[in-house]
Amino acid sequence: MLDPSDFVGVSFWIISAAMVAATYFFTVERDRAVGKWKTSLSVAAMVTGIAAIHYFYMRGVWVETGKSPVVLRYVDWLLTVPLQIVEFYLILAAITTVRAALFWKLLVASLVMLIFGFVGEVGTMSYWPAFIIGMAGWLYILYEIFAGEASKINAANGTAASKAAFNALKWIVSVGWAIYPIGYVLGAGEGGDASMNLIYNLADFVNKIAFGAVIWAAATSSHDAAASTAGDAAE
Ligand SMILES: *C/C=C(C)/C=C/C=C(C)/C=C/C1=C(C)CCCC1(C)C
């Protein structure tokens, strides 16, 4: 059973419930979005839905064994991070024609980040060399979004709503995603599992739920914009 002094276990419980609630919210709110934004909200709901299932099991592993649920954690990330990359791509694709190569570059970089994080955590590779390669994958994604092709497409072709969404996503991938390597660093050595899992749980709350909320805000604001334009035309 869940021990009241087990803060990590309690955080697993809270995030499990929050993921379910977020999935429901994004699903029903999809009705309020227009056109291509509907797909974005569906993807946001998929991300929190996949995470909810993994959180139920990860909580069990932590509460029953006190060990880090490494495999479940990375299976979750392996599914949800590429979906978030899809989300990025959808936002750009809603604005203009985007080369598929950009999507593949971001996807491969995110896989490098996750695969090396995993082999570092399970000990197939030394902890710090694996970390450095994982960091390189993430830094490449940051480069693409801040200075590379993705940023140029957004600057040249974005609408007000899509620019707002793209900007917020920039913050999520830089500041929000930065929480994960901090968890990895804290996980080094004996007894690091508790702080690592607490930080990863917090990071998932920010990056999956806040991420979805950003998409939701953009999706419904462009709906309101469309509705008020239609209203003006009718007057
Ligand atoms: C929903 C889950 C998300 C958004 C997970 C994101 C995970 C990361 C950004 C992980 C990053 C890591 C590095 C940058 C270096 C190596 C260690 C990792 C895998 C924790």
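A polar contact of 3.4 Å links the side chains of E149 and K105. This comes from a predicted model. E149 belongs to helix α6, which covers residues 149-157. Its relative accessibility is 19%, so E149 counts as buried, the cut-off being under 20%. When neighbours within four places in sequence are left aside, E149 is in contact with R99, L102, K105 and E144. K105 therefore appears both in this list of contacts and as the partner in the polar contact, since contact means heavy atoms within 4.5 Å and a polar contact is a pair of N or O atoms within 3.5 Å.

**The ligand site**

The ligand is surrounded by 18 residues, and the closest are T80, Q84, M113, Y180 and K208. On its own the ligand has 530 Å² of accessible area, and the protein covers 100% of that area. Helices α3 (70-95), α4 (100-122), α5 (127-146), α7 (160-186) and α8 (193-234) are the elements that each give two or more residues to the shell around the ligand. The most comes from α3, which supplies five residues. The largest cavity is the space that the ligand takes.

**Helix α1 and its contacts**

M19 lies in helix α1. With 0% relative accessibility, M19 counts as buried. Not counting residues up to four places away in sequence, M19 touches T48, A51, A52, Y55, D204, F205, K208 and I209. One of these, K208, is also among the residues closest to the ligand. Another, A52, is 33 residues from M19 in sequence, while the two C-alpha atoms are 5.1 Å apart in space.

T23 is placed in helix α1 too, and the helix runs over residues 7-29. A polar atom of the T23 side chain lies 3.2 Å from the backbone nitrogen of G49. Apart from neighbours within four places in sequence, T23 is in contact with A45, T48 and G49. T48 is thus listed for T23 and for M19.

**Partly exposed and exposed positions**

W128 is in helix α5. It counts as partly exposed, at 40% relative accessibility. Beyond residues up to four places away in sequence, W128 touches Y184, V185 and A188. V122, in helix α4, is partly exposed as well, with a relative accessible area of 40%. T97 sits in the loop between α3 and α4. Its relative accessible area is 76%, and T97 is exposed because the cut-off for that class is over 50%.

The table sets out C-alpha separations for four residue pairs, including those of the three residues just described.

| Pair | Separation in sequence | C-alpha to C-alpha distance |
|---|---|---|
| M19 and A52 | 33 residues | 5.1 Å |
| V122 and V71 | 51 residues | 8.7 Å |
| W128 and G117 | eleven residues | 9.6 Å |
| T97 and G134 | 37 residues | 30 Å |

**Summary by residue**

E149 is buried in terms of relative accessibility, at 19%, and its side chain has a polar contact with that of K105. M19 is buried at 0%. W128 is partly exposed at 40%, and V122 is partly exposed at 40%. T97 is exposed at 76%. The ligand has 100% of its accessible area covered by the protein.

Technical notes. Residues are numbered from 1 along each chain as its sequence is written. This is a predicted model: local features need pLDDT of at least 70, side-chain atom pairs count only at pLDDT 80 or more; totals for chains, interfaces and linings use all residues. Side-chain values use heavy atoms; hydrogens and water are left out. Helices (H or I, at least four residues) and strands (E, at least two) are DSSP runs, numbered from the N terminus. Buried means under 20% relative accessible area, exposed over 50%, partly exposed in between (1.4 Å probe, protein chains only). A polar contact is a pair of N or O atoms within 3.5 Å; within protein, one must be able to donate a hydrogen and the other to accept it, and residues adjacent in sequence count only if both atoms are side-chain atoms. A residue is near a molecule or strand if one of its heavy atoms lies within 4 Å of it. Accessible areas come from the Shrake-Rupley method with a 1.4 Å probe; for residues, only the protein chains shown count as cover. On a 1 Å grid over the protein atoms alone, a cavity is a set of points where a 1.4 Å probe fits but cannot get out, and a pocket is an open set with protein on both sides within 12 Å along at least five of seven lines; lining residues have an atom within 4 Å of a point. A molecule sits in a cavity or pocket if more than half of its atoms lie within 2 Å of its grid points.
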